[in-house]
Amino acid sequence: MESLSVGEIELILDTAESLKEISTRPIKKVPTLRGKTVVHFFYEPSTRTRTSFEIAAKRLSADTVSISASTSSMVKGETLVDTAKNLEAMNPDAIVLRHSAAGAPHMLARLVDASVINAGDGMHAHPTQALLDMLTVREKKGRLSGLRVAIIGDIAHSRVARSNTVAFVKMGAHVILAGPPTMIPKGIETLGAPVTYHTQEALKGADVIIVLRIQKERQQAFLFPSEREYAQCYGLTTESLVGAKDDVLILHPGPMNRGVEIAPEVADGPYSVILEQVANGVALRMAIFYLLLGGAR
């Protein structure tokens, strides 16, 4: 998100809005990227992002190939660089990469001529998630500038938190980060968002709440006493929503741990736009493919 200008972000969001209509047709397909080849290389597990990228490419009529780490030669010791060079030899038009190492998509982009799309790299960034979140908020609120956005949870291990902070701040929103002290990385304030350890302070007057999952798979030590205590102190419940705006929006990048970071009645309640995020993810990723491979860059 750091590399995108405000104008480029607005172009992507506007393009995504215009492409949403395709997914409502009886035949959800247009020939825009016919003859283009997209490789989906997911080194980490994924449900929403991977499926969303695959559906997006197919709705634009691109040919798609999916590779996971467990079914690739990386299990035999092949490096990411060699894998990239072999993929490049097959002349794909785009490579969608999710990797556990921060910076992996940037390294890949220097090695291949194909367009490289970052589908999440380690704890660093998840740009398309931030874009689809902004698309969802803009669709519901009509604007991004001036909104108060609270991001709550495991900030330290969340690439979504970093990308969303940079993105919303760049678009003129006021972002505040909240979570346990053990899950707030030092220096995160430099992204332009103040930090609090008290959920109620973050939720006060919030227009948008982005709830994050506790990422146990990335934690090297126990950073909180128990899930029950985390839920009591930092979980989003109907009671904790009292200080937020009456028309607050609740977002979650998924997967959700119901009853831990978010109560079931909140996840399924009237303020939740979690399923709208998933739907908008397809349109947003269609826009990315279109702008990189089909339209004028």
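This briefing covers the backbone geometry of a few loop residues and the two sides of one helix. The structure is a predicted model, and every value below is computed from it. Most residues other than glycine have a negative phi, and most peptide bonds are trans; the loop residues listed under the first two headings are described against that background.

**Cis peptide bond**
- The peptide bond that joins Gly254 and Pro255 is cis, with an omega of about -5°.
- Pro255 is placed in the loop between β9 (249–251) and α9 (264–267).

**Positive phi outside glycine**
- Ser61, which is not a glycine, has a positive phi near 70°, and this residue is found in the loop between α2 (48–59) and β2 (63–68).
- Ser61 counts as buried because its relative accessibility is 13%, where the cut-off for buried is under 20%.
- Asn91, likewise a residue other than glycine, has a positive phi near 60°, and Asn91 lies in the loop between α3 (80–89) and β3 (94–99).
- Asn91 has a relative accessibility of 59% and therefore counts as exposed, the cut-off for exposed being over 50%.

**The two sides of helix α8**
- Within helix α8 (residues 227–234), the residues Tyr230, Ala231 and Tyr234 are buried.
- These residues cover an arc of only 105° around the axis, so they sit on the same side of α8.
- An α-helix has 3.6 residues a turn, so residues three or four places apart point the same way.
- The buried residues of α8 pack against β5 (148–152) and α7 (199–203), whereas Arg228 and Gln232, on the other side of α8, are exposed.

Technical notes
Residues numbered from 1 in each chain as written. Predicted model: local features only at pLDDT ≥ 70, side-chain atom pairs only at ≥ 80, totals over all residues. Heavy atoms only, no water. Helix = DSSP H or I, 4+ residues; strand = E, 2+ residues; numbered from the N terminus. Buried < 20%, exposed > 50% of the residue type's maximum accessible area, 1.4 Å probe, protein only. Arc of directions from axis to C-beta. Contact = heavy atoms within 4.5 Å.
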